Amino acid sequence: MSQATTEFQVEELKVDGQQEYDSKVFPLILECKTPDADLETALAWVREHSAELDQKAAEHGSILFRNFPTKTDMDFDAFIQACGFPNFQYKDSLSNAVRTNRTERVFTANEAPPEVTIYLHHEMAQTPIYPSKLLFFCEKPAEEGGATPLCRSDVLMEKLYEELPEFAKNCEEKGLKYTNVMPGADDAASGMGRSWQSTWSVDTKEEAEERMTKLGYTWEWLNDGCLRATTPKLPAVRDLGDGRKSFYNQLIAAFKGWKDTRNDPSKAITFGDGTPLDPNDALRAADLAEEITFDVPWQQGDVAIVDNYVAMHGRRTFAGTRKVLASLVAA
Ligand code: FE2
């Protein structure tokens with residue numbers, strides 16, 4: 001995708017480690033080549049190409065915008081609006097991460113501490129309500145580490161069918177169920193520390209139960225005010241509608257990472273019929289995903305669009321201050 005208008009020039013950028021599947025690079029990287037470009041001109045370009053960007057995000061899995069004149073959270077908000085994407089609000093989501101909003105649609109990405117790895121996942125694929133895309137904005141890269149790993153789940157699905165056909169078939173046919181323990185108050189020290197009150201947007205246990213019943217969850221109240229909630233059976237594989245299927249779930253993140261003072265990853269996930277996963281299969285899936293992961297090397301001002309149905313994302317550990325903001329797009 002090479003675009004040139006008189007005022008604003010964009011070219012495809014190639015970087016080390018970039019992948020290619022069916023002649024589509026992953027991720028697609030678009031670089032602004034106009035010196036001292038101003039934000040309004042960039043936004044006009046984004047508006048003009050919004051339909052194409054939407055389509056490219058689905059084909060490539062992710063687009064990284066480099067050297068665009070996006071400098072602040074407000075610029076990022078304006079960029080997303082220029083894309084024309086409908087907002088998916090955190091307060092309506094059942095995400096288990098603790099977040100802080102900057103604008104109506106921009107929030108700080110998971111506030112878990114730097115030494116916590118956030119494993120590859122599709123955003124909110126462990127709940128019945130999920131975004132179609134997400135966008136990231138690098139306000140400040142970490143001094144060390146802190147890349148956002150991205151992995152094409154359709155490519156992973158093909159590898160799983162080749163190497164672990166029985167496991168892949170079980171995922172597709174049985175789906176998955178997730179269990180997690182939510183605290184009685186937000187716990188910012190955990191990657192999954194959102195309280196049950198905030199998760200369900202309620203004040204009382206009765207209201208929480210009403211919400212869970214409607215969504216098909218089962219639950220158990222624990223003595224310490226925590227809630228153990230189990231999802232209904234959710235799909236683990238998504239048909240992308242163009243011949244591709246993706247490993248659309250939170251299996252890797254749940255199996256490797258749903259660990260805090262309340263949660264034990266070995267109890268976090270089963271097949272949809274309640275049968276256990278073979279831990280070796282889950283670990284092999286995680287290793288295969290890691291082998292085809294691209295680490296976004298954040299630079300200040302970068303914007304990335306990730307198609308949530310096609311690509312998984314996570315967060316590497318880091319040192320120093322890292323400010324990566326996020327925004328979710330409604331389906
Ligand atoms: Fe996420």
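**First stop: a four-stranded sheet**

Start by selecting S13, S14, S12 and S17 in this predicted model. These four strands make an open sheet, lined up in the order S13-S14-S12-S17, with antiparallel pairing. Now look at the edges: strand S13 (218-221) and strand S17 (269-271) sit there, each pairing on one side only. Look along the sheet and you'll see that neighbouring strands are turned by 15° against each other on average, if you ignore direction.

Next, zoom in on residues 176-182 and 227-230. Those are strand S12 and strand S14, which run antiparallel and are joined by four bridges. Want one to pick out? Click valine 181, then find its bridge partner in S14, arginine 228.

Before you leave, select residues 205-215. This is helix H7, which packs on the sheet and touches S13 and S14. The direction of H7 makes about 160° with that of S13.

**Second stop: another open sheet**

Now select S8, S20, S11 and S18. Here you have four strands in an open sheet, in the order S8-S20-S11-S18, and the pairing is antiparallel. Strand S8 (118-121) and strand S18 (293-296) are at the edges with a single partner strand each, so one side of each has no neighbour in the sheet. Neighbouring strands in this sheet are turned by 20° against each other on average, direction ignored.

Zoom in on strand S11 (residues 148-152) and strand S20 (residues 311-315): they run antiparallel, with three bridges between them. To find one pair, click arginine 152 and look for alanine 311, its bridge partner in S20.

Two helices to add to your view:

- Helix H4 (residues 153-163) packs on the sheet, touching S11 and S20, and its direction makes about 55° with that of S11.
- Helix H9 (residues 279-291) lies across S8, S11, S18 and S20, running at about 55° to S18.

**Last stop: the iron ion**

Keep S20 in view and select the iron ion. Which residues are its protein donors? They're His121 (NE2), Glu123 (OE) and His313 (NE2), at 2.0 to 2.2 Å from the iron. Along the chain, the donors follow the spacing H-x1-E-x189-H. Glutamate 123 is in the loop between S8 and strand S9 (133-140), while histidine 313 is in strand S20, so this pair ties together parts that are 190 residues apart in sequence.

Finally, try a surface view. Are glutamate 123 and histidine 313 buried or exposed? Glutamate 123 has 6% relative accessibility, so it counts as buried. Histidine 313 counts as buried too, at 4% relative accessibility.

Methods:
Residues are numbered from 1 along each chain as its sequence is written. This is a predicted model: local features need pLDDT of at least 70, side-chain atom pairs count only at pLDDT 80 or more; totals for chains, interfaces and linings use all residues. Side-chain values use heavy atoms; hydrogens and water are left out. Two strands pair if DSSP finds at least two bridges between them. Axes are lines fitted to C-alpha atoms, for helices over the stretch in contact, and angles run from 0 to 180 degrees between N-to-C directions. Contact means heavy atoms within 4.5 Å. Donors are N, O and S atoms within 2.8 Å of the metal (3.2 Å for Na, K and Ca); water is not among the atoms, so sites may look incomplete. Buried means under 20% relative accessible area, exposed over 50%, partly exposed in between (1.4 Å probe, protein chains only).
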